[in-house]
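Visitor: Hey, got a minute to walk me through this one? I'd like to go residue by residue and then zoom out.
Guide: Sure, let's put it up.
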Amino acid sequence: MNFNAEQFTATQQANMNAVADLSQSAFASFERLVELNMAAGKAAVGESFANMQALMAAKSPQDLMAVQAALVQPAFEKSVSYGRHIADIANSTGAQFSQAVESKMAESEQAVKSLVENSLKNAPAGSDAAVAVIKTAFEASQTAAETLKKVAKQAAHSAETSMKAATAQAEASVKAAMTKAKAKA
């Protein structure tokens, strides 16, 4: 096996560029999260004063209950929207990182495969049986790795789907409870 310094340097440079790109993605996602929190905080401060004025303007206990009931729905909707924005930021960042990791894994697998193939080409005469065993073991490990990747992707997709379904169910339950509360008021 020959050591190629230029190849090593190019690989290191590519890895450094990949890390720099992922760092930029992470900071961009963090920036989006900070912007979201700043906007939510600013809106919450303004709304809290408006809500307090509406509550203070109530003339009777029935008016107070009606104002309180009217404030719950928008607060819930904003909370759900905030959660969706956070999930969107997390999902997009996770997708970028997953794509980068998968790309690097594919490159690494190809490099290992090339290394194994080159090493086996240069195997001494009479080692055909050993070479066949090594090739079979390598192919089996590649197949197992692919299977694990597929299972991991399916699990991630299933978890995301379950989270969306749970959120929708919780939202529907709260809306139904709020509808019942409004009907009683």
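Visitor: Where is Phe-138 found?
Guide: Phe-138 is found in helix 3, residues 128–184. Helices here are DSSP runs of H or I with at least four residues, strands are runs of E with at least two, and both are numbered from the N terminus.
Visitor: Before we go on, what sort of model is this?
Guide: This is a predicted model, where local features need pLDDT of at least 70, side-chain atom pairs count only at pLDDT 80 or more, and totals for chains, interfaces and linings use all residues. Residues are numbered from 1 along each chain as its sequence is written, and side-chain values use heavy atoms, with hydrogens and water left out.
Visitor: OK, back to Phe-138. Buried or exposed?
Guide: Phe-138 counts as buried because its relative accessibility is 15%. Buried means under 20% relative accessible area, exposed means over 50%, and partly exposed is in between, with a 1.4 Å probe and protein chains only.
Visitor: And what does Phe-138 touch?
Guide: Not counting residues up to four places away in sequence, Phe-138 touches Val-112, Lys-113 and Val-116. Contact means heavy atoms within 4.5 Å. The C-alpha atoms of Phe-138 and Lys-113 are separated by 8.3 Å, and the two residues are 25 apart along the chain.
Visitor: Let's switch to Ser-29. Which helix is Ser-29 in?
Guide: Ser-29 is in helix 1. Ser-29 has a relative accessible area of 9%, so Ser-29 is buried. Leaving out residues up to four places away in sequence, Ser-29 touches Ile-89 and Thr-93.
Visitor: Which residues of helix 1 are buried?
Guide: Ser-25, Ser-29 and Leu-36. What covers them includes helix 2, residues 61–121.
Visitor: Leu-33 is in that stretch too. What's Leu-33 in contact with?
Guide: Leu-33 lies in helix 1, residues 5–56, and is in contact with Ile-86 and Ile-89, leaving aside neighbours within four places in sequence. Leu-33 and Ile-86 are 53 residues apart in sequence but 7.1 Å apart in space, C-alpha to C-alpha. Leu-33 counts as partly exposed because its relative accessibility is 28%.
Visitor: So which residues are buried over in helix 2?
Guide: Those are Ala-69, Gln-73, Phe-76, Val-80, Ile-89, Thr-93, Glu-109 and Leu-120. Ile-89 and Thr-93 in that set are the residues that Ser-29 touches.
Visitor: What about Gln-96, what does that one touch?
Guide: Gln-96 is found in helix 2 and touches Leu-22 and Ser-25, again not counting residues up to four places away in sequence. At 38% relative accessibility, Gln-96 counts as partly exposed. Gln-96 and Asp-21 are 75 residues apart in sequence and 9.8 Å apart in space, C-alpha to C-alpha.
Visitor: Zooming out a bit: how many residues do helix 1 and helix 2 have?
Guide: Helix 1 has 52 residues and reaches 76 Å from its first C-alpha to its last, close to the expected 76 Å. Helix 2 has 61 residues and reaches 88 Å, close to the expected 90 Å. The expected span is 1.5 Å times one less than the number of residues.
Visitor: And what pattern does the whole chain follow?
Guide: The chain has three helices and zero strands, so the pattern along the sequence is α-α-α. The radius of gyration is 29 Å, well over the 16 Å that the globule rule gives for 185 residues, so the chain is more spread out than a compact globule. That radius is taken over C-alpha atoms, and the rule is 2.2 Å times the number of residues to the power 0.38.
Visitor: What box do the C-alpha atoms fill?
Guide: Roughly 100 × 35 × 10 Å, taken along the principal axes. Of the 185 residues, 9% count as buried.
Visitor: Last one: what share of the contacts comes from residues 24 or more positions apart?
Guide: Such pairs account for 77% of the contacts in the chain with a separation of 6 or more.
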